[in-house]
Amino acid sequence: MRITSVTIYKPKADTKDPRLKGFALMLIDDCFAVHDIRILEGERGLYAAMPSRKKATGGYSDVAHPINQETRVMIEKEIINKYKEEAAKWEEE
């Protein structure tokens, strides 16, 4: 598996979650897209939260997610690095 592109989007200005820093769209092998990956600021720094949906019982369940830690680390590293590049540009605006 190869991440072929990551696109970062700013959250809306009226977002109610101060931890939310942005969203990512990830393209895998130029043939599979994962939308709505949230970039959040946690106690240990930035992390990527996979797209999820609310369950009828009230909790949340990931719609798509890595199966192993190695893949999770690879995906998160790509997304966070791209976010940092984009955030630096946002600061210049």
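Buried means under 20% relative accessible area, exposed means over 50%, and partly exposed lies in between. Keep these cut-offs at hand for the exercises below, which explore a predicted model.

**Exercise 1. The loop between two strands**

Task: Find where Asp-29 and Asp-30 sit, and decide which class of exposure each belongs to.

Solution:
- Step 1. Start with the place: Asp-29 is in the loop that links β2 (20-28) and β3 (32-42), and Asp-30 is in the loop between β2 and β3 as well.
- Step 2. Apply the cut-offs. Asp-29 has a relative accessible area of 37%, so Asp-29 is partly exposed. Asp-30 reaches 55% relative accessibility and therefore counts as exposed.
- Step 3. Now look at the backbone. Asp-29 is not a glycine, yet its phi is positive, about 50°. Asp-30, also a residue other than glycine, has a positive phi near 55°.
- Step 4. Put the loop in its setting: β2 and β3 form a hairpin with three residues between the strands.

**Exercise 2. Strands side by side**

Task: Work out how β2 pairs with β1 and with β3, and in which sense the strands run.

Solution:
- Step 1. Take β1 (residues 3-9) first: six bridges join β1 to β2, and the two run antiparallel. Val-6 stands opposite Met-26 in β2.
- Step 2. Turn to β3: seven bridges connect β2 and β3, again in the antiparallel sense. Here Phe-23 faces Arg-38 in β3 as its opposite partner.

**Exercise 3. Checking a helix**

Task: Test whether the length of helix α1 (residues 69-92) agrees with its number of residues, then find what caps its N-terminal end.

Solution:
- Step 1. Helix α1 has 24 residues, and at 1.5 Å a residue it should span 34 Å.
- Step 2. Compare this with the model: the end C-alpha atoms of α1 are 35 Å apart, which agrees.
- Step 3. Look at the N-terminal end of α1. Asn-68 caps it, with a side-chain oxygen 3.3 Å from the backbone nitrogen of Glu-70.

**Exercise 4. The inner side of the helix**

Task: List the buried residues of α1, and find what they pack against.

Solution:
- Step 1. The buried residues of α1 are Ile-75, Ile-79, Ile-80, Tyr-83, Glu-86, Ala-87 and Trp-90.
- Step 2. Recall a general rule: an α-helix has 3.6 residues a turn, so residues three or four places apart point the same way.
- Step 3. Find the partners: the buried residues of α1 pack against β1, β2, β3 and β4 (45-49).
- Step 4. Zoom in on Ile-79. Setting aside residues up to four places away in sequence, Ile-79 touches Val-6, Ile-8, Ala-24, Ile-37, Ile-39 and Ala-48.
- Step 5. Step back to the largest nonpolar core, which has 17 residues; Ile-79 is one of those that touch the most other members. β1, β2, β3 and α1 each supply at least two residues of this core, and the largest share, six residues, comes from α1.

**Exercise 5. Two rings**

Task: Find the one aromatic pair of the whole structure and describe its geometry.

Solution:
- Step 1. A search of the whole structure gives one aromatic pair, made by Tyr-83 and Trp-90.
- Step 2. The ring centres lie 5.9 Å apart and the planes meet at 75°. Planes over 60 degrees apart count as edge-to-face, so the pair of Tyr-83 and Trp-90 is edge-to-face.
- Step 3. Check the exposure: Tyr-83 has 11% relative accessibility and therefore counts as buried. Trp-90, at 19%, counts as buried too.

Terms used
Residues are numbered from 1 along each chain as its sequence is written. This is a predicted model: local features need pLDDT of at least 70, side-chain atom pairs count only at pLDDT 80 or more; totals for chains, interfaces and linings use all residues. Side-chain values use heavy atoms; hydrogens and water are left out. Helices (H or I, at least four residues) and strands (E, at least two) are DSSP runs, numbered from the N terminus. Buried means under 20% relative accessible area, exposed over 50%, partly exposed in between (1.4 Å probe, protein chains only). Two strands pair if DSSP finds at least two bridges between them. Rings of Phe, Tyr and Trp (its six-membered ring) pair if their centres lie within 6.5 Å; planes under 30 degrees apart count as stacked, over 60 as edge-to-face and the rest as tilted. The expected span of a helix is 1.5 Å times one less than its number of residues. Contact means heavy atoms within 4.5 Å. A polar contact is a pair of N or O atoms within 3.5 Å; within protein, one must be able to donate a hydrogen and the other to accept it, and residues adjacent in sequence count only if both atoms are side-chain atoms. A nonpolar core is a set of buried Ala, Val, Leu, Ile, Met, Phe, Trp, Tyr and Cys residues joined through side-chain atoms within 4.5 Å.
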